[in-house]
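Take a moment with the sequence and the model. The paragraphs that follow walk through them step by step.

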Amino acid sequence: MQPTSRSFPANILAGLADPVLQRALGLARTGFPLRRQQAIGRLPEFEELRDQGRAIKDHTLGHLDFYLELYETNVAAAGGQVHWARDAAEARAAVLEICRSVGAKIVTKGKSMVAEEIALNDHLEQNGITPVETDLGEYIIQLRHEPPSHIIAPAIHLMKEQVADAFRAAHTELAPDRPLEEVRTLCEEARAILRPHFLAADVGITGANFLVAETGSSIIVTNEGNGDLTQTLPRVHIVVASLEKIVPTLEDAATLLRLLARSATGQEFSSYTTISTGPRRPGDPDGPEQYHVVLLDNGRSELLGGEFQDMLRCLRCAACLNHCPVYAAVGGHAYGWVYPGPMGAVLTPALVGLGEAGHLPNASTFCGRCEEVCPVKIPLPKMMRHWREREFVQRLSPIAYRSGLRFWAWLATRPSLYHAVTEIASRVLGWVGRGRGRFRSLPLAAGWTLGRDMPAPEGRSFHSLWAEHQRACKRR
Amino acid sequence: MSAARDDILAGIRRGLRRGPLPAATAAGLAERISAHRRNLIPARAAALDHSARIDLFVAMAEEVQTTVARVTSGDAVPAEVARYLAAENLPAELVMAPDPSLDTIPWAARPLLSIRRGRAEPGDAVSLTPCLAAIAETGTLLLASGADSPTTLNFLPDTHIVVLRAGDVVASYEDGFDLVRARSVAGPEGWPRTLNLITGPSRTGDIEQRIQLGAHGPRRLHIVLVDEPEVAANGPPAR
């Protein structure tokens, strides 16, 4: 999809004004964090597992070339094939070529953020192949022709009424006046509609939560079982995965799996964790005849050795989205591309460019919740600061903004001047605002006062109180 | 595509500021892999004796809406299966894995139970399979695909019944992986195509985060746990 991260400020206003989105986000705000808290509360070793998870990922990234080559060798030994793709276009071409080689008409898909990243569905459709999303959330947004708004719950921005509308519009073979008020009914309808697609598909495409170097396996984690039907029933299974998904061994994968579901949905373990290795074996009564892995770089290798390398530890659990006050207020579509929330604010500029996505790392209060809940302790706020620095250095931000920052730096690095200026400013503001005790608007601060009042300063400043306290201590 | 491969690997090495790994370092990494070194295993299941571990497995499985019936011998399995199907108002008809480990169960004692052996087909309502192991930590079943163990049985039918021997309950995923390694000939070519770790029936929370069972996979997962005393006594030791 084409990024629209450039229009983030306008997207935010649209999100805040959307009553359906606000109701849907209200459900998400409480549900995910509560369930995560309960799950990790039951596992005393969780903190230690986080440290080990981080160490596994760091070790793997430090030897990424070795593990990828070993992985490829083992995929081949198991009868599969790895297709290396430098960018989205190469990945799309590889998938299309495999689909064409078997004359595929219908392709079922498990949920894959990498497939979203490379805009695979559009490419398949343009080439006469019908992709059918089978994850319920992905299916809903495919019917609505919109991108996912969350990396594990793609339709989290919708309420059941919108889903019912989408189903009525798409499933024209069913009675138009059928009742669709219950969530249960909607799920049943999707199950009934999608089952024949699973059976008819020529190719099944899934993502991967992990790739295992030791065995040449791909691992998917799902709750619906759609990923398993997608990769078991068709003749061909294609995995699209980015190269940082690799881990050395199944033991390493197990440690990360203990972190993943708890951080994501607050489950002890997802319903289905499936480890796939090559195509069906001689004598196997089912399973795909071909197994392909399209291994995508798309700018990730350039992050190695730099200040954004830690981002490659990301498990895509979405805990940072679920705990982010900005995401909770505006939803995922505002971010304008595939990856929203704090992880998107760091990853999107790396993948689509800072010129396009420069707003995203600025959309943070730096409250730090994202880093606190990250299962592999990615320093997301620090990396957003790195992007802001780069944006400043590369002169990508507006002139007024940069001059303001420059003036601020000039003032803040001169303490006596700073104290004098702020003392005077707070006295003036305090005097002007003495009637109401707050300001509805202030010159140069319209952006801030648009959504809230500014309290008028009262009494003395912290600095002068502190200085007096210090003097009093000395006298004692 | 090999140009892409070379470019990507070169880019990785550029980022890491080094060339290909020295042979000694690579040998060390290969050694790390073949040692199957375990990371931290939570004490929750690993610290328990075998019988407490089975109880934990049952409790964790039931927490995620798996139903569990405990019987004291393989002979009691057909009656339990028939009872379950009747109680759930399901037809007494099932498709069963061709796995020989199920052959010792006296199915003929229940002639009204209609059984086909093989992979699942679209119309099949109920499947029955054994499993390779059960993981107490999270109430998870481990199934490995193979000639006798079709993967479709685990996903296509609405109801999946699993016969679990109490001796096959282990503590952790890692214990399960060791069992797979012990069965497979060395190397990835001996590894099963599919390993399924199954924790409860299929579910989704994609609409308003309200959990619904039976999204695309089985709506019901029922375990018949066979507590054969002599097997339990010889169960795998704690690791």
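Which residues does B:Leu142 touch, not counting residues up to four places away in sequence? The model is a predicted one. In it, B:Leu142 touches B:Cys131, B:Leu132, B:Ala133, B:Ala134 and B:Ile135. B:Gly176, B:Leu195 and B:Leu197 are touched by B:Leu142 as well.

B:Leu142 also has a place in a wider set. The largest nonpolar core holds 181 residues. Within that core, B:Leu142 is one of four residues that touch the most other members. The other three are A:Val240, A:Val294 and A:Leu296. Helix α12 of chain A, residues 250–264, supplies the largest share of this core, with 9 residues. In soluble globular proteins, nonpolar side chains tend to be buried together.

Now take chain B as a whole. Chain B carries 7 helices and 12 strands. Its C-alpha atoms fill a box of roughly 70 × 40 × 40 Å along the principal axes. Of the 239 residues in chain B, 43% are buried. Among contacts in chain B with a separation of 6 or more, 74% join residues 24 or more positions apart. Chain B splits into domain 1 (1–35) and domain 2 (43–233). The centres of these two domains of chain B, taken over C-alpha atoms, are 40 Å apart.

Chain A is divided too. Its domain assignment gives domain 1 (43–301), domain 2 (309–399) and domain 3 (412–475). Between the C-alpha centres of domain 1 and domain 3 of chain A lie 54 Å.

How many residues of chain B are in contact with chain A? There are 65, and they meet 77 residues of chain A. Several elements of chain B each supply at least two residues of this side: α1 (2–16), α2 (23–34), α6 (173–183), β9 (194–198) and β10 (203–204). The largest share of the side of chain B that touches chain A comes from α1(B), with 10 residues. By type, the residues on that side of chain B divide into 27 nonpolar, 23 polar and 15 charged.

Strand pairing also links the chains. Strand β9 of chain A, residues 272–276, is joined to β9(B) by 5 bridges. The two strands run antiparallel. Across this pair, A:Thr273 stands opposite B:Leu197. B:Leu197 has appeared before, as a residue touched by B:Leu142.

The pair sits in an open sheet of 8 strands with mixed pairing. The order is β8(A)-β5(A)-β6(A)-β9(A)-β9(B)-β6(B)-β5(B)-β8(B). What stands at the edges? β8 (246–247) of chain A and β8 (169–170) of chain B do. Each has a single partner strand, so one side of each is left without a neighbour in the sheet. Further in on the chain A side, β5 (residues 210–212) and β6 (residues 217–222) of chain A pair in the antiparallel sense over 3 bridges. There, A:Leu211 has A:Ser218 in β6(A) as its bridge partner.

One last stop is a loop of chain A. A:Ala78 is found between α4 (64–77) and β1 (81–85) of chain A. Is A:Ala78 buried or exposed? A:Ala78 is buried, because 22 other C-beta atoms lie within 10 Å. A:Ala78 and A:Thr277 are 199 residues apart in sequence, yet 6.5 Å apart in space, C-alpha to C-alpha.

Key:
Residues numbered from 1 in each chain as written. Chains lettered and ligands numbered in written order. Predicted model: local features only at pLDDT ≥ 70, side-chain atom pairs only at ≥ 80, totals over all residues. Helix = DSSP H or I, 4+ residues; strand = E, 2+ residues; numbered from the N terminus. Buried ≥ 20, exposed ≤ 12 C-beta atoms within 10 Å, placed from the backbone. Contact = placed C-beta atoms within 7 Å. Domains from an automatic or database assignment. Nonpolar A, V, L, I, M, F, W, Y, C, P; charged D, E, K, R; others polar. Pairing = 2+ DSSP bridges. Core = buried A, V, L, I, M, F, W, Y, C linked by C-beta atoms within 7 Å.
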